[in-house]
Amino acid sequence: MRFEMLYSKIHRAKVTDANINYVGSITIDSALCKAAGLIEGMKVDVLNVNNGERISTYVIEGEAQSGKICLNGAAARKVAIGDIVIIIAYASFDEQELGTYKPKIVLVDESNTIKN
């Protein structure tokens, strides 16, 4: 049996941009991606704390140490610059893997700088 579990999350990041004219996705500071184990093209859910929206999209890595969190394409209509979001990735684990399973949690400050 396999279990869909939280793989990682970036907790309470601030949206720095919204670009409706881009094809789609979320651009995330590559340092945040690395800390959370996110790779370009990986599916993520974006939960908007300010308005309750939940968006599924994929990751594009942005410039390291930029603090960039930019929703692109149609997803840009679901956020406002300054909104607080939680970015979540899931993975499939079997029962044996659950014994050593531990999700990666990345906490950020108001500038999207890693706190932990």
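UniProt positions are given here in the numbering of this model, with feature names shortened, and such annotations may be inferred rather than shown by experiment. The model is predicted: local features need pLDDT of at least 70, side-chain atom pairs count only at pLDDT 80 or more, and totals for chains, interfaces and linings use all residues. Residues are numbered from 1 along each chain as its sequence is written, and side-chain values use heavy atoms, leaving out hydrogens and water.

**The annotated site**

An unreviewed UniProt entry places the feature "active site" at S25 and Y58. The two span 34 residues in sequence, yet no two of their C-alpha atoms are more than 5.0 Å apart, so they gather at one spot.

The table gives strand (DSSP run of E, at least two residues, numbered from the N terminus) and burial (buried under 20% relative accessible area, exposed over 50%, partly exposed in between; 1.4 Å probe, protein chains only).

| Residue | Strand | Relative accessible area |
|---|---|---|
| S25 | β3 (residues 25-29) | 2%, buried |
| Y58 | β5 (residues 54-62) | 34%, partly exposed |

Contact means heavy atoms within 4.5 Å. Leaving aside neighbours within four places in sequence, S25 is in contact with T57, Y58, I60, C70, L71 and N72. On the same basis, Y58 is in contact with G24, S25, I26, G41, M42 and K43.

**Next to the site**

I26 is in contact with Y58, and also with V44, I69 and I87, among others beyond four places in sequence. I26, V44, I69 and I87 are among the residues that touch the most other members of the largest nonpolar core, a set of 23 residues. Such a core consists of buried Ala, Val, Leu, Ile, Met, Phe, Trp, Tyr and Cys residues joined through side-chain atoms within 4.5 Å.

Key. Helices (H or I, at least four residues) and strands (E, at least two) are DSSP runs, numbered from the N terminus.
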